Amino acid sequence: MSLLPSPGTHVIEETDQQLEPPYHLVLLDDDEHTYAYVIRMCAEIFGYGPEKGYAIACMVDSQGRAVLMTGSHDEVRAKQELVHAYGPDPLMPQSRGSMSAVIEPAYQGTGS
C-alpha cells in the first residue's frame, strides 16, 4: 500500500520570514510645552485632528507619557526624528527645544 497524496491535498510551504514586532513612539511630559504645542505638533507630524491631539496632550500631562503612534521600528524612528526637530514652544519663553519621545517595544513580555 502506497501513501500518496489524494487529489485536493495542498502542500503548505513554510517560510523563515517573520514579521517585525511593532514599536510605540511615546511622548514624554515636561514643563516647557503647552497643550496648543502638542495639538499643533500632532497635526503637523501625524495628521491627527484637534480632538486626538488634545487627548494626547491630556494623557501626557496627567500620566507623564502618551503613545503617539505604533508601527515598524523604521516608521517610528522617522517620526521620532520629526518630534525631536519640531522646535521650542513659541507660547512659552522658557521652552528651549522640542519635546522628547522614546521608542519602546509595543509588546513587552511579562517575564517568568
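In which loop, between which helix and which strand, is the place of Ser95? The first legend answers this; the model shown throughout is predicted.

**Figure 1. Surroundings of Ser95 in the loop between helix H3 and strand S3.** In this predicted model, Ser95 has its place in the loop that runs between helix H3 (73-84) and strand S3 (101-105). Ser95 has a relative accessible area of 9% and is therefore buried. Two polar contacts of the Ser95 side chain are shown. In one, a polar atom of the Ser95 side chain lies 3.0 Å from the backbone oxygen of Glu32. In the other, the side chains of Ser95 and His33 are joined at 3.4 Å. When residues up to four places away in sequence are not counted, Ser95 touches Glu32 and His33, together with Pro88 and Asp89.

**Figure 2. Overall arrangement of the protein chain, given as context for the close-up views.** The protein chain contains 3 helices and 3 strands. Read from the N terminus, its elements follow the order β-α-α-β-α-β. The chain has 112 residues, of which 29% count as buried. Among contacts between residues at least 6 apart in sequence, 68% join residues that are at least 24 apart.

**Figure 3. Packing of helix H1 against helix H2.** Helix H1 (residues 35-46) and helix H2 (residues 50-63) pack with their axes 8 Å apart, at an angle of about 130 degrees. The two helices are therefore oblique to each other, and the crossing of H1 and H2 is right-handed. On the H1 side, the contact is made by Tyr35, Val38, Ile39 and Cys42. On the H2 side, the contributing residues are Pro50, Gly53, Tyr54, Ile56, Ala57, Cys58 and Asp61. By character, the residues of this contact of H1 with H2 divide into 9 nonpolar, 1 polar and 1 charged.

**Figure 4. Packing of helix H1 against helix H3.** The axes of H1 and H3 are 11 Å apart, and the two helices pack at an angle of about 140 degrees. H1 is therefore oblique to H3. H1 passes H3 in a crossing that is right-handed. Met41, Ile45 and Phe46 of H1 meet Lys79, Leu82 and Val83 of H3. The residues of this contact of H1 with H3 comprise 5 nonpolar, no polar and 1 charged.

**Figure 5. Ala66 in strand S2 and its contacts.** Ala66 is located in strand S2, which spans residues 65-71. Ala66 counts as buried because its relative accessibility is 5%, against a cut-off of under 20% for that class. With neighbours within four places in sequence left aside, Ala66 is in contact with Leu25, Val26 and Leu27, as well as with Ile56, Met59 and Val60. Of these, Ile56 also belongs to the H2 side of the contact shown in Figure 3. Ala66 and Ala101, 35 residues apart in sequence, have their C-alpha atoms 9.2 Å apart.

**Figure 6. Val67, a partly exposed residue of strand S2.** Val67 is found in strand S2. Its relative accessibility of 41% is why Val67 counts as partly exposed; that class lies between the limits of 20% and 50%. Residues up to four places away in sequence not being counted, Val67 touches His24, Leu25, Val26 and Ile56. The C-alpha atoms of Val67 and Leu27 are 6.2 Å apart in space, although these residues are separated by 40 residues in sequence.

**Figure 7. Thr70 in strand S2 and its polar contact with His24.** Thr70 lies in strand S2. With a relative accessibility of 44%, Thr70 counts as partly exposed. The side chain of Thr70 makes a polar contact of 2.7 Å with the side chain of His24. Leaving aside neighbours within four places in sequence, Thr70 is in contact with Pro22, Tyr23 and His24, and also with Val76 and Ala106. Among these, Pro22 is 48 residues from Thr70 along the chain, and the C-alpha atoms of the pair are separated by 6.4 Å. His24 is also one of the residues touched by Val67, as shown in Figure 6.

Methods. Residues numbered from 1 in each chain as written. Predicted model: local features only at pLDDT ≥ 70, side-chain atom pairs only at ≥ 80, totals over all residues. Heavy atoms only, no water. Helix = DSSP H or I, 4+ residues; strand = E, 2+ residues; numbered from the N terminus. Buried < 20%, exposed > 50% of the residue type's maximum accessible area, 1.4 Å probe, protein only. Contact = heavy atoms within 4.5 Å. Polar contact = N/O pair within 3.5 Å; in protein donor to acceptor, adjacent residues only side chain to side chain. Axes fitted to C-alpha atoms, helices over the stretch in contact; angles between N-to-C directions. Parallel < 35°, antiparallel > 145°, perpendicular 65-115°, else oblique. Left-handed = near helix turned anticlockwise from the far one by under 90°. Nonpolar A, V, L, I, M, F, W, Y, C, P; charged D, E, K, R; others polar.
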